[in-house]
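Work through the exercises below with the sequence and the structure open. Try each task before reading its solution.

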4 protein chains.
Amino acid sequence: MGAVKTKRMPRAVREQQMLDAAVRIFGRRGYRAASMDEIAELAGVSKPLVYLYLNSKEDLFSACIRREAAALTEAVRAGVRPGAPADRQLWEGLRAFFTHTAQHPDGWTVLHLQARTHGEPFATEVAAMRTEIVTFVTQLIAVTARDAHHDPDLPEHEVAGLAEALVGAAESLAAWANTTPGVTARQAAATLMNFAWAGLGNLMEGRPWTSAVPLT
Amino acid sequence: MGAVKTKRMPRAVREQQMLDAAVRIFGRRGYRAASMDEIAELAGVSKPLVYLYLNSKEDLFSACIRREAAALTEAVRAGVRPGAPADRQLWEGLRAFFTHTAQHPDGWTVLHLQARTHGEPFATEVAAMRTEIVTFVTQLIAVTARDAHHDPDLPEHEVAGLAEALVGAAESLAAWANTTPGVTARQAAATLMNFAWAGLGNLMEGRPWTSAVPLT
Amino acid sequence: MGAVKTKRMPRAVREQQMLDAAVRIFGRRGYRAASMDEIAELAGVSKPLVYLYLNSKEDLFSACIRREAAALTEAVRAGVRPGAPADRQLWEGLRAFFTHTAQHPDGWTVLHLQARTHGEPFATEVAAMRTEIVTFVTQLIAVTARDAHHDPDLPEHEVAGLAEALVGAAESLAAWANTTPGVTARQAAATLMNFAWAGLGNLMEGRPWTSAVPLT
Amino acid sequence: MGAVKTKRMPRAVREQQMLDAAVRIFGRRGYRAASMDEIAELAGVSKPLVYLYLNSKEDLFSACIRREAAALTEAVRAGVRPGAPADRQLWEGLRAFFTHTAQHPDGWTVLHLQARTHGEPFATEVAAMRTEIVTFVTQLIAVTARDAHHDPDLPEHEVAGLAEALVGAAESLAAWANTTPGVTARQAAATLMNFAWAGLGNLMEGRPWTSAVPLT
DNA sequence: TATGAATGAGCATTCATTCAT
DNA sequence: TATGAATGAATGCTCATTCAT
């Protein structure tokens, strides 16, 4: 399975092979359960070479996270046309997101599951990426609210919470779409868009849900 | 630190102490990184006793998952009045959910993050709980749709996706509320309710989001 | 399987139950691999009681060896009529030996295999029993030699070696007869008797084997 | 104590060192009581290296058994000249056997005592070697019987029993010769040869032992 | 650029044994 | 006479990491 054992190749190439292997193993086993032996073998190199290039298991995992996070944010960025209307931008972003995660399931697992399960250093790196996406969504919401000239002062907490909910829903749907046969990235995006946009719209226009009976 | 070292107590009590300690350590370190030594020490007993009562690390982790999952579903069940209107039931369920997860952060972490990161056996146990909750939400949606006499045949995939998105949003908000100072369980529940109910309503009534421009 | 759990029985009886269990477990697993837990369970008592009566694993094993060795030597002794001719005595002894070992396979295993595998203390106890039997055989040989008035001074080493060989052959045949279906104690005894008696006779009469060609 | 700590040697050499150490420790302590720590230390390497090369305690023990069994059968084979008369071949085989076991006492202990005391896998490996030797002896007996044109149809059970007895006597004598000062391999071989050949001869010629008085 | 040889440190698990009742 | 509760001390095994070439 692992990469074909070709001797003497430039460092950059070897590094990518190693990262490919590492993402695969980390994604499937988790950070702790993944062994450097298995990664080296899958990469088709000896263990000392992995250390020579990537320094340590921790650094290797960090490098995986950074590479996958960059690829994901880049994919989303590339999918969105900046000038488009907010709902359109959200739709495009969602499509790009679900498409990319479907195409890189191990990378997505590393970001979504594994990286958050282990102490500070890694969680921080993922949090940075998450923040970037949440911010992007938050801005879309804010822009929409401004354009609608309604309720321009949705409290900050509220907006952050909404973005958090939206991103959480997306993450959950991504995992679901990846593991449920017959569900495409497009369908996942549509499901979430339908679900979310009305709720956002109502909020923007100051019509939140209120119970028909007094709440406790 | 750790339980006060009281000698000679009945097995049932000791077992709960051990599970308390295990949930804490598993939640903070993850399954692999958690050591039986640390768990035993926090529980105030020797390692052999942990093995005598809980058999193995794997069984101990399973026991944690089962206990925490049972506690969470029970909390949600107890918070919901069966006869109430669907939106009201959803609201009550969300409040109970956010309250419980806020009060048992380690237990929630075990269920939400750690248990899903490790092979089949554990993921399956959590999936069972998740399914139970998703089913509950799905039924609320279905009931609402039926009551509204609208679009009674939302495709099954669509409903499952919605439930998945809703639960994912809730999970994400729970983590957010737990780590963001000044955000209460009530606020988290309200944010999600506002976000979700309109979207669900629109869908039920056959008014999904549609792009102002043709989609690719 | 284990003894029926009857409470409060006299010490002597309990001890025999424990020894029964211990012989079975030691015989099947070996000294080290046998666990006090398993022995106690098979004996139908709690572990502390085993310690109360038998002190330690080492003492328990010693007690097993002593009991089984005594039983075996007693069986052989009881099978031999003192006044009979030497060949007759040997035959009777062999029959008794093969019969007893066939009826107490675990006890025989403990003596033959397990006890000799572990340091000094145990090997010594078995050696004592072995010496007793070897001595008995040696005396039969000596008596025969004296009666025949031939070569009355077979060197001591030679006699000891013969006895050793005879006992070794018997031990080997006992294991073989116990594990080979269709071989009875009587047949095993006959085989060995046929094999041994002629050789002994020749030696007594000063007609050892000599090579047809010079030995190196 | 133990091998001189020379660093960096080829795998094949290290493996032999490890097997040397393992045979010694297994022979002296038994399988269960032997610790991988002690073996590694005696071999002059760290424990992980033992595992890297030999996989597990079980595999290590197997490797010991195989190596020692091969060495012993090879020694016997090399000591016997195929064309010689049967008694001559038996004599040579016995000499080679006693010489080899005297020179490799730990190896012999591993084969004779330790390997047979522990479950199936090991016993099977030794049984294979034993069968090889028993077969060799059985053939010598059969050849002798054929050459003598006497009683060509000694029942199979009888022959197998004889071989078993002979090998058992040899095993016992080997242990005895190894632990009794002043007894050489040559003497042990002579003792057994004297003892056995006459008995075999009588049997071949149809003159088994019969009691002077009726047997029970 | 690349690797075979080697290890320190840690971890899950087991077991003989004892204490308090 | 009898036992439920509890532990100190190993032991097999693995893993991230480095050295010498």
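A residue counts as near a strand if one of its heavy atoms lies within 4 Å of it. The model is predicted.

**Exercise 1. The surface near DNA strand F**

Task: Find how many residues surround DNA strand F, and say which elements supply at least two residues of the surface near it.

Solution:
- Step 1. Count the neighbours. DNA strand F is surrounded by 34 residues. The closest are B:R8, B:P48, C:R8, D:K47 and D:Y51.
- Step 2. Assign elements. In chain A, α3 (47-54) supplies at least two residues. Chain B does so with α1 (11-29) and α3 (47-54). Chains C and D each do so with α3 (47-54).
- Step 3. Sort by class. The surface has 17 nonpolar, 6 polar and 11 charged residues.

**Exercise 2. Backbone or bases?**

Task: Decide which parts of DNA strand F the protein meets, then locate individual side chains.

Solution:
- Step 1. Take the atoms of DNA strand F within 4 Å of the protein. Sugar or phosphate accounts for 55% of them, and bases for the rest.
- Step 2. Look for a base. A polar side-chain atom of A:K47 lies 2.6 Å from a base oxygen of DNA strand F.
- Step 3. Look for phosphates. C:S46 places a polar side-chain atom 3.1 Å from a phosphate oxygen of the strand. For C:Y53, the distance from a polar side-chain atom to a phosphate oxygen is 3.5 Å.

**Exercise 3. An annotated span in chain A**

Task: Describe the span of chain A that UniProt lists as "DNA-binding region".

Solution:
- Step 1. Read the record. The unreviewed UniProt entry lists residues 35-54 of chain A under that name.
- Step 2. Check the fold. Residues 35-54 of chain A are 80% helix and 0% strand.
- Step 3. Check the ends. The end C-alpha atoms of this span lie 14 Å apart.

**Exercise 4. The contact between chains B and A**

Task: Characterise the contact between chain B and chain A by area, polar pairs and elements.

Solution:
- Step 1. Count residues. Chain B gives 48 and chain A gives 50.
- Step 2. Take the area. About 4300 Å² is buried between the two chains, and carbon and sulfur atoms give 62% of it. On the chain B side, B:R88, B:F195 and B:W209 lose the most area to chain A, together 19% of what that side buries.
- Step 3. Count polar links. There are 0 salt bridges between the chains. Residue pairs in polar contact number 4, with both residues at pLDDT 80 or more.
- Step 4. Map the elements. On chain B, α5 (86-103), α6 (105-114), α8 (156-179) and α9 (185-204) each give two or more residues. The largest share, 13 residues, comes from α8(B).
- Step 5. Sort by class. The side of chain B that touches chain A has 24 nonpolar, 14 polar and 10 charged residues.

Notes:
Residues are numbered from 1 along each chain as its sequence is written. Chains are lettered from A and ligands numbered from 1 in the order in which they are written. This is a predicted model: local features need pLDDT of at least 70, side-chain atom pairs count only at pLDDT 80 or more; totals for chains, interfaces and linings use all residues. Side-chain values use heavy atoms; hydrogens and water are left out. Contact means heavy atoms within 4.5 Å. Buried area is the accessible area (1.4 Å probe) that two parts lose on being put together, summed over both. A salt bridge is a side-chain nitrogen of Lys or Arg within 4 Å of a carboxyl oxygen of Asp or Glu. A polar contact is a pair of N or O atoms within 3.5 Å; within protein, one must be able to donate a hydrogen and the other to accept it, and residues adjacent in sequence count only if both atoms are side-chain atoms. Helices (H or I, at least four residues) and strands (E, at least two) are DSSP runs, numbered from the N terminus. Ala, Val, Leu, Ile, Met, Phe, Trp, Tyr, Cys and Pro count as nonpolar, Asp, Glu, Lys and Arg as charged, and the others, Gly among them, as polar. UniProt positions are given in the numbering used here, feature names are shortened, and annotations may be inferred rather than shown by experiment.
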